[in-house]
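Dear colleague,

Please find below the structure that I am handing over to you. My findings follow directly after it.

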Amino acid sequence: LKIPVFQILPYWFWSLNNKPLPYWILLVPILTITIAVSYLVLRRPYRKTSNMLLLITLCYCLQLGFGLMEGRGMRSLSNRLTDSGGNARIAHTGTQWSANHLLQSYSSMVQSGELSPFPHATKPPGPVIVFAVLNQISAYLHIEGNTRPEALANFAVWVLPLIASLTLLPLWGLCYIAFSDQKERWLPLVLYISVPSILLIVPPFDQNLLPLVSTTCVYLMARAMTGGSILLAFTCGGIFYLSLFISFGLIAIACILAVLAFFFATSNPSWFKQAKNCSAVVAGTITAHFCAFFLFGYDALSQFRLGISAHQTFKFADWGLWHTIYFGALNMVEFGLWCGPSLATLCGVQLYRICKRLPPRENVDTIILALGVVMVGLALFGHTAGETARLWIFLIPFVCFSGARCLATMKADSMLPVLSVITLQLGTVMIIKSFQDFF
């Protein structure tokens with residue numbers, strides 16, 4: 001019906017359009033293969049290597065497959081790095097300077113105006129530097145393109161979706177810690193490959209990397225707190241600091257780690273060991289900070305303050321009580337839509353169940369509760385007006401975690417609930433692709 005339901009909301013970010021999809025018939029093999037692979041993985045949960053390879057390959061192919069529906073080959077995705085827009089400007093910057101120069105001079109280039117305020121002032125140097133590295137690799141491999149940015153885009157469009165697919169590796173590690181049943185451990189991974197934002201927000205670098213970084217941090221923390229080496233906690237702290245080199249929004253990982261640390265420590269009699277793990281995380285963060293500062297002159301904390309200030313200026317300036325509440329609700333609605341309404345509903349139901357019986361009794365409940373705390377905090381204090389489908393994409397693995405926990409409480413021996421959710425999710429991907437899409 002093309003009724004602009006969401007567009008009537010003030011500051012709704014995504015416009016309504018009618019994108020031609022001449023190869024829409026690809027949805028048939030996409031849906032068939034996804035259901036078949038999901039069924040196979042859940043029926044053979046003990047085959048870890050083959051299941052993981054199947055899911056990573058499928059996740060990679062699905063990202064490309066929905067792009068190919070436009071009938072323009074890979075240009076439907078590579079054009080997002082060459083046309084106008086923030087991602088195109090970031091990619092273009094990566095072709096103009098070397099990675100070493102950008103690493104040492106990014107902040108001064110932004111402040112002097114050598115780099116445009118938008119989007120460079122709102123981002124740390126990580127995305128630009130990675131594009132600079134990809135540009136050098138594409139030049140070495142003699143990737144074809146009419147211009148240097150076009151050659152970079154033609155190369156990056158094949159590489160970046162793979163990074164998003166590799167999120168399944170730390171996600172499975174986290175599931176191994178949280179779930180005791182072998183079949184349940186695969187449920188979040190099966191859900192992850194059907195999320196609209198994962199399949200459609202392709203190929204911006206930071207959006208492809210955010211879920212991987214956030215899941216790796218939480219996995220290392222959970223592994224350390226459940227009997228792993230203190231070195232894992234130290235590594236977690238280092239990766240957390242480096243995450244701020246990629247996206248300022250990943251500061252929210254600190255809240256997830258804090259909630260995990262609190263509930264793991266209070267439910268574990270070995271509180272001294274948990275205190276050592278927490279101290280190791282802090283030590284890893286501080287060590288990474290001094291290494292980055294003395295080796296490259298990069299201060300993530302000062303860059304973070306400048307970036308958040310610029311982001312809020314570009315987005316919205318008046319953050320009174322009414323606007324805070326309104327944008328909090330708006331951000332939740334948008335994020336839920338791009339998660340897929342069926343997955344968002346499952347996640348919400350599970351969060352409600354856990355909140356009814358606090359404190360959390362199991363590791364899985366602790367991780368889900370951490371997700372709820374972060375989402376509420378981002379909605380009320382994140383000071384962003386829309387575009388949360390992209391900005392909050394690092395939370396997607398934990399949303400899948402929560403949805404999978406809810407699904408696991410349904411008919412344990414039946415595949416119908418899981419396969420039904422996957423079908424609804426891919427249907428939502430098709431609808432968003434046809435009438436909204438990621439530009």
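Leaving out residues up to four places away in sequence, N331 touches T384, A385, G386, T388 and W392 in this predicted model. N331 belongs to helix α17. With a relative accessible area of 0%, N331 falls under the 20% limit and is therefore buried.

Helix α17 (321-339) also helps to cover the buried residues of α18, together with α10 (182-192), α19 (363-381), α21 and α22 (416-435), among what covers them. Those buried residues are S342, L343, L346, C347, Q350, L351 and I354. As for the length of α18 (residues 341-356), its 16 residues should span 22 Å at 1.5 Å a residue, and the C-alpha atoms at its ends are 23 Å apart, which agrees.

Helix α21 (residues 396-408) takes part in a packing with helix α9 (residues 168-178): the angle is about 35 degrees and the axes are 11 Å apart. The crossing in which α9 passes α21 is right-handed. On the α9 side, the contact is made by L171, L174, C175 and A178, and on the α21 side by P397, F398 and F401. Sorted by type, the residues of this contact are seven nonpolar, no polar and no charged.

Which residues touch the most other members of the largest nonpolar core? They are F131, L395 and F401, in a core of 133 residues. Helix α12 (residues 205-225) gives the most to this core, namely 12 residues. In soluble globular proteins, nonpolar side chains tend to be buried together. Beyond four places in sequence, F401 touches L171, L174, C175, A178, F179, P188, V364, I367 and I368.

F131 lies among the buried residues of α7, which are G126, P127, V128, I129, F131, A132, L134, N135 and S138. Helix α7 has 15 residues, and from its first C-alpha to its last it reaches 21 Å, close to the 21 Å expected at 1.5 Å a residue. Just after α7, H142 takes a positive phi of about 60 degrees. Most residues other than glycine have a negative phi. H142 is found in the loop between α7 (126-140) and α8 (148-165). Is H142 buried or exposed? Its relative accessible area is 66%, which is over 50%, so H142 is exposed.

Two further residues deserve a mention for their partners in space.

The first is S38, whose place is in helix α1 (residues 27-43). S38 is buried, because its relative accessible area of 0% is under 20%. The C-alpha atoms of S38 and M415 are separated by 9.5 Å, although the two residues are 377 residues apart along the chain. Neighbours within four places in sequence aside, S38 is in contact with V190, L419 and I422.

The second is G238, placed in helix α13 (residues 230-243). Its relative accessible area of 15% is under 20%, so G238 is buried. From C-alpha to C-alpha, G238 and H289 are 8.2 Å apart in space, and they are 51 residues apart in sequence. The contacts of G238, not counting neighbours within four places in sequence, are with G284, T285 and A288.

Yours sincerely

Note on methods
Residues numbered from 1 in each chain as written. Predicted model: local features only at pLDDT ≥ 70, side-chain atom pairs only at ≥ 80, totals over all residues. Heavy atoms only, no water. Axes fitted to C-alpha atoms, helices over the stretch in contact; angles between N-to-C directions. Helix = DSSP H or I, 4+ residues; strand = E, 2+ residues; numbered from the N terminus. Left-handed = near helix turned anticlockwise from the far one by under 90°. Contact = heavy atoms within 4.5 Å. Nonpolar A, V, L, I, M, F, W, Y, C, P; charged D, E, K, R; others polar. Expected span 1.5 Å × (residues − 1). Buried < 20%, exposed > 50% of the residue type's maximum accessible area, 1.4 Å probe, protein only. Core = buried A, V, L, I, M, F, W, Y, C linked by side-chain atoms within 4.5 Å.
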